[in-house]
Structures are given as structure tokens and as C-alpha cells.
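Subject: The structure we talked about

Hello,

Here is the structure I promised to pass on to you. Have a look at it first, and then read on for my notes.

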Amino acid sequence: MTTPDDTQLTQSGLEAQGTGRILLLACGALAREIIAVQKANGWEHMVLACLPAIYHNTPDKIVPAVREAVAKHRQNYDEIFVVYADCGTGGLLQAACAEMGVKMVEGPHCYSFFEGNDAFEARDEITAFYLTDFLVRQFDAFVTKPLGLDRHPQLRDMYFEHYEKLVYQAQTKDPDLEAKARDCAEKLGLAYEYRFTGYGDLETSLASL
């Protein structure tokens, strides 16, 4: 299997067929977490395939890619479960999944379902900038460089003028990641908050399968 942070379509046993096999068609940013949940629960009937994690920054690419992957692989599996929330598609992903007859994770984005959709909605944190384990690891590739902050650091104040804090939603307890998250908050000029979420509604959603 390719690494969880790979930005190409990753596959694990996609040639497998048989009763009860479920394909998890996921955002690459969730690969590490999904694998951890699978192993912890012994869900060997679930097979993981990940679309490029960089679609996190280009949500208009998510729906066409999901459609293509479902069409390509559905004949080999009894069920396909899309491990994306809405993720900036404006409801288009949910509509596409309904049309194709496949289920998906509930919620607006991974920050919500990691914390638990109900808990996240109740917080109503409109001035918080969120990072997950994946985004802490990939901060430069997914935040610094796409926003041009490595070339034009003065843009920071324009991009983040309405944010008050950086919230690190930790899926694992890792002191090195927490230290890096604190550094990310400092670079963005934001207050820092650590929040251990674990896998939240991601694990609940997979367990329901």
C-alpha cells in the first residue's frame, strides 16, 4: 500500500471480490485514520481507496473524481461508502451519492465529524482555524504554499484577519505533532487551542457499516 499521505489514488486489495466486501472511497487526508480504525476493530471486509488529498484545496474536483471511482469499482463490491463529508462541494457530493445509491459520512467537513457533528455545531466557532493530525503534518503543503505565505508572508494578515485562534483537533496523542501545531499557530499569529477528538463520528460511521 502506498503511504497515507500519497496524493495519487491509493488502493488496497481493489481486485478483491466476495460477499460482504465494502469499498471505502476516501479523501487521502483520512487514510491514516481509517487504517488505524480498521486495524483496531479488525474490519478486514473493508477495503480502502483514497483520492488525492490535495482535493481538500480544490473541492470542485471531488464530485467528478468520486463519480469516476464509483463507476470503476462498484461491480467488485457489495457496497461503496464515500468517506467524505460535504467538504466544500455545496451539497453536490451528497446529491451525487444519492443518485449513485452510495452512502457517505454526514457533516459539513472532517473538522466537524472528528469532533462529533452535534458537538461541533453547538460550538459555532466562526473565528477558529482548524488543523487535524494530517494538516499539522502537511501544513506547508496544504496551507503555507497554496496561500503563497512562503513567498509573500505579508499576506498572512489579510488571510487570517478575521480568525482569532487555531484549534488543533488531535486524532492521536503525539507531543511532536502538538509542538508543531503550536508553531503553526504562532506563524499565523493566532491563539492556540488543543482539542483531543480521537476519530469521532468517523469511527461511528464506519462501525454502522
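By class, how many nonpolar, polar and charged residues does the lining of the largest pocket have? There are 27 nonpolar and 4 polar residues in that lining, and no charged ones. Please keep in mind as you read that this is a predicted model.

Pockets

The largest pocket has a volume of about 600 Å³, and 31 residues line it. If you want to find its centre on screen, look for His56, Asn57, Tyr111, Phe129 and Leu135, which lie nearest to it. Two or more lining residues come from each of helix 4 (110–115), strand 6 (128–131) and helix 7 (139–144). Strand 6 gives the largest share, with 4 residues.

The second largest pocket has a volume of about 180 Å³. Its lining is made up of Phe81, Lys103, Met104, Val105, Glu106, Asn117, Asp201, Thr204, Ser205 and Ser208. Strand 5 (103–104) and helix 10 (200–207) each give two or more residues to this lining, and the largest share, 3 residues, is from helix 10. Sorted by class, the lining has 3 nonpolar, 4 polar and 3 charged residues.

A cavity

The structure also holds 1 cavity of 30 Å³ or more, with about 50 Å³ of space in it. Around this cavity you will find Ala29, Leu30, Glu33, His56, Cys110, Phe114, Thr132, Phe134, Leu135 and Gln171. At least two of the lining residues are supplied by helix 4, and at least two by helix 6. The class count here is 6 nonpolar, 3 polar and 1 charged. You will recognise His56 and Leu135 from the cavity lining, as both are also listed among the residues nearest the centre of the largest pocket.

Aspartate 133

Helix 6 (residues 133–137) is also where aspartate 133 is found. This residue is buried but has no salt bridge. The nearest side chain of opposite charge belongs to arginine 137, and it is 4.6 Å away, whereas a salt bridge needs a nitrogen and a carboxyl oxygen within 4 Å. Leaving aside neighbours within four places in sequence, aspartate 133 is in contact with Glu33, Tyr168, Gln169, Ala170, Gln171, Thr172 and Leu177. Glu33 and Gln171 appear in that contact list and in the lining of the cavity as well.

Salt bridges

In total, the structure holds 11 salt bridges. One of them joins arginine 195 to glutamate 115, with the closest N and O atoms 3.0 Å apart. Arginine 195 is in strand 8 (residues 191–196) and glutamate 115 in helix 4, so this pair links distant parts of the chain, 80 residues apart. Both arginine 195 and glutamate 115 are buried.

Arginine 195 also meets glutamate 125 in a salt bridge, at 2.9 Å from N to O. Because glutamate 125 lies in the loop between helix 5 (117–123) and strand 6, while arginine 195 is in strand 8, this pair ties together parts that are 70 residues apart in sequence. Glutamate 125 is buried too, as is arginine 195.

Another salt bridge pairs arginine 151 with aspartate 150, the closest N and O atoms being 3.3 Å apart. Here arginine 151 is exposed, with a relative accessible area of 52%, and aspartate 150 is partly exposed, at 43%. Finally, salt bridges with shared partners join Glu115, Arg123, Glu125, Lys165, Glu193 and Arg195 into one network.

Best wishes

Conventions. Residues numbered from 1 in each chain as written. Heavy atoms only, no water. Buried < 20%, exposed > 50% of the residue type's maximum accessible area, 1.4 Å probe, protein only. Lys, Arg positive; Asp, Glu negative; His and termini not counted. Contact = heavy atoms within 4.5 Å. 1 Å grid on protein atoms, 1.4 Å probe; cavity = no way out; pocket = protein on both sides within 12 Å on 5 of 7 lines; lining within 4 Å. Points joined across faces, edges and corners; volume = space filled by probe spheres on them. Nonpolar A, V, L, I, M, F, W, Y, C, P; charged D, E, K, R; others polar.
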